[in-house]
Amino acid sequence: MLSPGPAIPRSKDVLRRRTFAIVSHPDAGKTTITEKFLLYGGAVNLAGTVTTRKNQRATTSDWLELERKRGISISSTVLQFDYQGYRINLLDTPGHKDFSEDTYRVLTAVDAAIMVIDAGKGIESQTQKLFEVCRRRGVPIFTFINKMDRPSREPLALLDQLEDVLGIAAYPVNWPLGTGFDFKGVWDRNTQTAHMFERTVGGAHRAPVFTGHLGDPFIRERLDEASYRTVCEEVEILQGAGAAFDPADILSAKTTPVYFGSALNNFGVQLLLDGFLEHSSPPMPRTAMSGLVVEPHSPAFSGFVFKIQANMDPLHRDRVAFVRIVSGKFTRNMAVVHAQSGKKVRLSNASKIFGSDRETIEDAMPGDVVGIVGNDLFAIGDTLTEDPAIVFDEIPCFAPECFVLLSNPLPAQAKRFRTGLRQLLREGVVQEYELRDGGRNATLLGAAGPLQFEVVQYRLESEYGAESVLESASWAGARWIAPGAVLDDSMLSTGVRIAFDGVGRRVILFRDAWSLRYFAERNPGVELGSIPFDDPEPAVSR
Ligand code: G4P
């Protein structure tokens with residue numbers, strides 16, 4: 001064991017950290033709420049935010065030209081800022097229609113998530129998928145019901161939907177005062193006060209807020225008679241119904257606290273941020289593969305790579321491994337063991353990445369994310385530690401839902417093509433599969449969503465100068481086969497083939513949901529996994 005750093009007691013510096021992601025269906029308001037958190041945290045001056053929003057995005061969270069062109073965020077960024085004594089690490093999740101493994105991986109590195117729901121639309125498909133990933137990992141979820149300034153569903157119906165569709169108890173922490181154009185503020189159940197907001201032009205500044213009791217004439221006169229009556233009735237129902245607020249239920253992900261508001265107008269943003277910081281947990285322990293529970297205040301440094309991004313900076317063409325620190329203290333130039341190779345490495349080039357800006361990091365604590373620049377040894381899921389007994393297995397591999405065949409049309413560029421593809425596979429942009437009876441001069445790629453293939457093509461060309469051709473492949477699903485399962489060709493019906501993943505594990509490919517069901521019914525003895533069997537999804541110790 002390398003000599004660990006000095007023992008770190010449960011220091012305030014660890015306890016004040018909060019590491020989380022915002023998850024939502026596209027357009028629900030994730031980017032807007034992120035910006036508003038930055039506005040309240042003072043990290044970005046967002047005056048004129050609405051008109052400059054797309055530019056703002058380009059400088060803070062988008063670095064690929066492709067992202068800018070399409071106005072979407074493909075890769076994740078880490079934003080760090082201080083607010084009221086807390087150190088906040090906000091991990092951005094890709095927010096486009098498509099879905100990528102990157103999103104899943106980011107969720108392995110957080111201790112909580114804020115789920116943003118469009119009040120007019122309710123729970124949408126991607127919110128549901130992301131919620132499931134959080135739930136599987138036991139990640140506490142806070143809910144923000146956004147766009148209350150627009151025609152919305154009934155607040156009670158939205159709460160019912162959380163319980164019915166997602167199966168999680170919902171505790172409304174505050175309640176909307178009016179909806180649509182008449183949305184004036186929220187009533188806070190804890191303090192029993194109404195918070196009435198003023199709109200500011202374009203939501204560029206913090207919304208002025210006035211507080212008082214529901215019966216105060218000042219509050220009454222700002223709500224029309226019908227809204228006021230509805231609010232009073234609803235508040236009465238709330239008071240009489242439902243369970244009491246229990247912070248432990250939030251931390252154990254049994255209950256989601258629900259906040260209503262409008263991110264665009266800054267209504268309810270501060271209540272959400274303050275409530276989140278109060279009730280979310282500081283950095284959580286993680287369980288290593290040996291079963292060892294690694295506490296954040298353990299003296300030995302440890303962390304795991306949850307994302308790799310190459311060529312973020314076109315001028316330098318380097319590769320950044322994003323490491324979530326689990327325990328100990330990171331100091332620049334420290335020597336650690338790269339658990340997967342057993343090699344000792346020095347972490348000399350560490351940066352804080354804020355969009356395309358970088359700042360050298362001298363030290364960092366559990367909960368923080370550091371970008372280690374230029375070390376080719378690191379792959380997604382790898383552990384860096386001062387204590388070789390710690391090896392994490394935090395990054396699950398998910399079954400792809402889309403497939404293509406990728407080939408190189410120009411023999412003269414074969415080397416560039418291979419180098420580029422190898423790098424993108426190591427980054428986990430897509431997964432590679434090989435059909436048992438392959439024979440084609442093309443690589444079969446799988447991904448959680450089809451946009452990833454465009455990213456591969458675009459990056460091969462722009463970063464490696466390699467053209468490529470994409471052809472559709474008629475697979476729609478993959479399942480890993482339990483090791484030792486006996487499988488012969490007679491068991492393979494039409495639309496089913498055996499393949500191997502990038503590390504040689506057996507996989508069955510299916511043409512459609514029907515062939516998957518048919519195979520499973522006819523072969524009950526063959527255990528199928530939507531994650532690899534030798535890569536069981538570890539539970540986060542909570
Ligand atoms: P996303 O990251 O989840 O995809 O959503 P984003 O924040 O980009 O918001 C999607 C659209 O919804 C944006 O409008 C944004 O201004 C709007 N929006 C976000 N929060 C609210 C809210 O509280 N009330 C209302 N009325 N609208 C909201 P856009 O027209 O698509 O973009 P832009 O032209 O404003 O940039």
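This is a short dialogue on reading strands, sheets and the helices packed on them in a predicted model.

Me: Let's start with the basics. How do strands in a sheet pair?
Reply: Strands pair through backbone hydrogen bonds, in either a parallel or an antiparallel way. Here, strand E1 (residues 17-24) runs parallel to strand E4 (residues 112-118), with five bridges between them. Look for Ile22, which sits opposite Ile114 in E4.

Me: Which helix packs on the sheet, touching E1, E4 and E5?
Reply: That's helix H6 (residues 125-136), and its direction makes about 165° with that of E4. Helix H2 (residues 30-41) lies across E1, E2, strand E3 (86-91), E4 and strand E5 (141-146), at about 40° to E2.

Me: What is the strand order in the open sheet of seven strands?
Reply: Read across, the order is E2-E3-E1-E4-E5-E11-E6, and the pairing is mixed. Strand E2 (78-83) and strand E6 (169-172) are the edges; each has a single partner strand, so one side of each has no neighbour in the sheet. From one strand to the next, the twist averages 30°.

Me: Okay, now an antiparallel case. Which strands does E29 pair with?
Reply: E29 (residues 496-501) pairs antiparallel with strand E25 (residues 431-435) over three bridges, and Tyr433 stands opposite Asp501 there. E29 also pairs antiparallel with strand E30 (residues 506-510), this time over five bridges. In that pairing, Ile498 has Ile508 as its bridge partner.

Me: And which residue takes a positive phi in the hairpin of E29 and E30?
Reply: Check Gly504: its phi is positive, near 85°, in a hairpin with four residues between the strands.

How values were computed:
Residues are numbered from 1 along each chain as its sequence is written. This is a predicted model: local features need pLDDT of at least 70, side-chain atom pairs count only at pLDDT 80 or more; totals for chains, interfaces and linings use all residues. Side-chain values use heavy atoms; hydrogens and water are left out. Two strands pair if DSSP finds at least two bridges between them. Helices (H or I, at least four residues) and strands (E, at least two) are DSSP runs, numbered from the N terminus. Axes are lines fitted to C-alpha atoms, for helices over the stretch in contact, and angles run from 0 to 180 degrees between N-to-C directions. Contact means heavy atoms within 4.5 Å.
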